[in-house]
Amino acid sequence: MQAGRLTATELTEYYLERSERLQPTINGYISLTRDKALATACHVDSLRRQNRELSPLAGIPMAVKDNIAVRGAATTCASKVLADYISPYDATAVEKLAHCPLLGKANMDEFAMGSSSLTSAFGPVANPWDSKRSPGGSSGGSAALVAAGCAPFSLGTDTGGSIRQPAAFCGVTGFKPSYGRVSRRGLLPLAPSLDQIGTLTRSVEDAALVLQEICGYDPGDPASARQDVPDFSACLVDDVSGLALGLPREILESCPDSSTSEAVEEAARKFAQAGAKVSWVSMPYTDESLAAYMLIATAEAASSLARYDGVAYGYRHSSSTLEEMYTGSRIFGAEVRRRLMLGTYNLGPDCSGYELGQQARKHISRHLEELFSQVDLLLLPAAPYIAFPLEEELDPLAMYYNDVYSIPANLAGLPALALPCGESRGLPIGMQMMAPRFREDVLLRAGYTWQCRSDWHLRRPREVE
Amino acid sequence: MKITPEQVKKTAAMAKLPLADDELAEMAGQLQEFLDYVKVLKKLPSGTGSPLQAFGAPGPAGQGEACLSQEEVLALAPDSSQGMVRVPRVIADE
């Protein structure tokens, strides 16, 4: 585009056409925003003709998960409760990407509660590698659209692994920044002490470009961190010499999918060949992390979703009494109801679950801090399995287990990066790396080195060619 | 601890969730399963300091700038009247 060989409008038309064509197969969008996308593209083309200085992403189309507010667009959180809600404002992250044509709002698990994208009120999302399998969740639409070539990049959100697990299932690059790095103003909250906006891209290079634009302090988010944002593209160096990588022994020894643990160990060998110092470390608190997460996330969700009572916005059940209106307006799906029950019980007079979860969180976070005094990065699977069949009925606990390797980063507010690192039965395998808080630079360096020396991220699903 | 049907019913009422009787029974079993699972945390040593603060003190909230006008807020409401959101009558007739 900078050389004048392609316009933003042409590029946007290409992605819109592909998105519309594949929507019946993938169901990656809840809504497509053709007019909005073309208006932005046309504006960018006009600025470029005037030789105005533009960001490297100007004119590059994107998809945005449907729990992130976009002015004038439906923002449904994949729920019937918000089916008719049109946001009156843009989330800060969307404002910062105002020069990126919005292709549409990506499908997801209802209110980001799930690891399958099966709980959407707008139908399940299919994995582009095998349409009979889940793309993971909750950012399943965001991951599937990037994998299928329907969007060059997308925004997702990660509360317990909701960017990294779908990135792993769909063979794309998923980046969860540190807690506080990207403003959540305009993100409809699930669990505010864990929620983080991040990116789904085809490469670490693309992730660096998007992160550069969306990171930074914002007074509109009380948890936003006053941290300088480094030049992320300058971190893209093909060199891990001297970097200390820790392999969590308990996790790799107990991973239920041997192809996943083997692929991660193979990646560790390649990092060692590239000059990294790889060692085994102990990271024993996986069950405890999941338990703490369940207590904290459900309690915060019960509080966050109390606002959906039919009063100020969203669906209202018509009734002559206030109490019936409240109750009748809360038309959530089964998974949301289950988590709200658990969370309400945790916060109620018969239980001290939230406090117990937060105590455990402190302990686990301290343990991770100690690990990072020994190593620069942790290398582990992004998820315990590869993509599972859509019709596979997992009980709720088994479904929550999908996030067992990703949750520690949310509990401790750490940045983490999921990358394709292999294939099993024709489906992608994902690994992840975690770094100390605000050390996105180290993740980008290691991730870039990995993608300079492997081609897993270049492979495309054949089903949607 | 064994969760009772009364506790499940009370929780559904607090959460304002319209659960039918058969759903309440199913939910009781699932809540019990979760509560049994999280018992694993009892083995961890209890921490020091406030367990409710995740990452130090939160930063200052925004400067209180109004981001939406009254008209914009009311346009989102399912029902409004005279510049206010309208809900079903709260106070019964004498």
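# Exercises on a predicted two-chain model

**Exercise 1. Where does helix α1 of chain A bend, and which of its residues are buried?**

Step 1. Find the kink. Helix α1 of chain A spans residues 8-26 and has a kink of about 30° at Glu20(A). The proline Pro24(A) follows shortly after that point. Keep in mind that this is a predicted model.

Step 2. List the buried positions. In α1(A) these are Ala8(A), Leu11(A), Thr12(A), Tyr15(A), Leu16(A), Arg18(A), Ser19(A), Leu22(A), Gln23(A) and Ile26(A).

Step 3. Find their partners. The buried residues of α1(A) pack against two strands, β1 (29-32) and β3 (102-106) of chain A. They also pack against two helices, α2 (34-49) and α4 (140-147) of chain A.

**Exercise 2. Asn27(A) and Gln82(B) both have a positive phi. Which is buried and which is exposed?**

Step 1. Take Asn27(A). This residue follows α1(A) and sits in the loop between α1 and β1 of chain A. Its phi is positive, about 55°, although Asn27(A) is not a glycine.

Step 2. Check its accessibility. Buried means under 20% relative accessible area. Asn27(A) has 18%, so it counts as buried.

Step 3. Take Gln82(B). Its phi is about 50°, again positive in a residue that is not a glycine. Gln82(B) lies in the loop between β1 (80-81) and β2 (84-85) of chain B.

Step 4. Apply the other cut-off. Exposed means over 50%. Gln82(B) has a relative accessible area of 75%, so it is exposed.

Step 5. Place Gln82(B) in its chain. Chain B has three helices and two strands, in the order α-α-α-β-β from the N terminus. Of its 94 residues, 27% are buried.

**Exercise 3. What is found in the loop between β3 and α4 of chain A?**

Step 1. Look for an unusual peptide bond. The bond from Gly137(A) to Ser138(A) is cis, with omega near 10°. Ser138(A) belongs to this loop.

Step 2. Look at Lys132(A), which lies in the loop between β3 and α4 too. With 59% relative accessibility, above the 50% cut-off, Lys132(A) counts as exposed.

Step 3. Find its distant contacts. Setting aside neighbours within four places in sequence, Lys132(A) is in contact with Pro389(A), Leu390(A) and Glu391(A). Lys132(A) and Glu391(A) are 259 residues apart in sequence, yet 7.9 Å apart from C-alpha to C-alpha.

**Exercise 4. What do Val172(A) and Ile429(A) touch?**

Step 1. Locate Val172(A). The residue is in the loop between α5 (164-170) and β5 (173-176) of chain A. Its relative accessible area is 3%, so Val172(A) is buried.

Step 2. List its contacts, leaving out residues up to four places away. Val172(A) touches Ala143(A), Val146(A), Ala147(A), Ala167(A), Leu200(A), Thr201(A), Ala418(A), Leu419(A) and Pro420(A). Leu145(A) is 27 residues away along the chain, and its C-alpha is 10 Å from that of Val172(A).

Step 3. Locate Ile429(A). This residue lies in strand β11 (residues 427-434) of chain A. Ile429(A) is buried, with a relative accessible area of 3%.

Step 4. List its contacts, again beyond four places. Among them are Ala168(A), Ser259(A), Thr260(A), Ala263(A), Ile386(A), Leu419(A) and Pro420(A). Tyr179(A) is 250 residues from Ile429(A) in sequence and 26 Å away in space, C-alpha to C-alpha.

**Exercise 5. Which residues of the largest nonpolar core touch the most other members?**

Step 1. Name them. The core has 86 residues, and the answer is Leu97(A), Phe271(A), Leu377(A), Leu379(A), Met431(A) and Met433(A).

Step 2. Follow one of them. Beyond four places in sequence, Leu97(A) touches Leu57(A), Met62(A), Phe153(A), Leu155(A), Val210(A), Glu213(A) and Ile214(A).

Step 3. Add the second core. This separate set of 75 residues includes Ala78(A), Leu342(A), Leu380(A) and Ile3(B).

**Exercise 6. Which element gives the most to the lining of the second largest pocket?**

Step 1. Describe the pocket. Its space is about 380 Å³. It is lined by 26 residues, and the closest to its centre are Leu118(A), Thr119(A), Ala334(A), Glu335(A) and Arg338(A).

Step 2. Compare the elements. Two or more lining residues come from each of α11 (334-347) and α13 (396-400) of chain A. α11(A) gives the most, with five.

Step 3. Sort the lining by type. There are 12 nonpolar, five polar and nine charged residues.

Definitions and conventions: Residues are numbered from 1 along each chain as its sequence is written. Chains are lettered from A and ligands numbered from 1 in the order in which they are written. This is a predicted model: local features need pLDDT of at least 70, side-chain atom pairs count only at pLDDT 80 or more; totals for chains, interfaces and linings use all residues. Side-chain values use heavy atoms; hydrogens and water are left out. The bend at a residue is the angle between axes fitted to the seven residues ending there and the seven starting there. Helices (H or I, at least four residues) and strands (E, at least two) are DSSP runs, numbered from the N terminus. Buried means under 20% relative accessible area, exposed over 50%, partly exposed in between (1.4 Å probe, protein chains only). Contact means heavy atoms within 4.5 Å. A nonpolar core is a set of buried Ala, Val, Leu, Ile, Met, Phe, Trp, Tyr and Cys residues joined through side-chain atoms within 4.5 Å. On a 1 Å grid over the protein atoms alone, a cavity is a set of points where a 1.4 Å probe fits but cannot get out, and a pocket is an open set with protein on both sides within 12 Å along at least five of seven lines; lining residues have an atom within 4 Å of a point. Grid points are joined across faces, edges and corners, and a volume is the space filled by probe spheres set on the points. Ala, Val, Leu, Ile, Met, Phe, Trp, Tyr, Cys and Pro count as nonpolar, Asp, Glu, Lys and Arg as charged, and the others, Gly among them, as polar.
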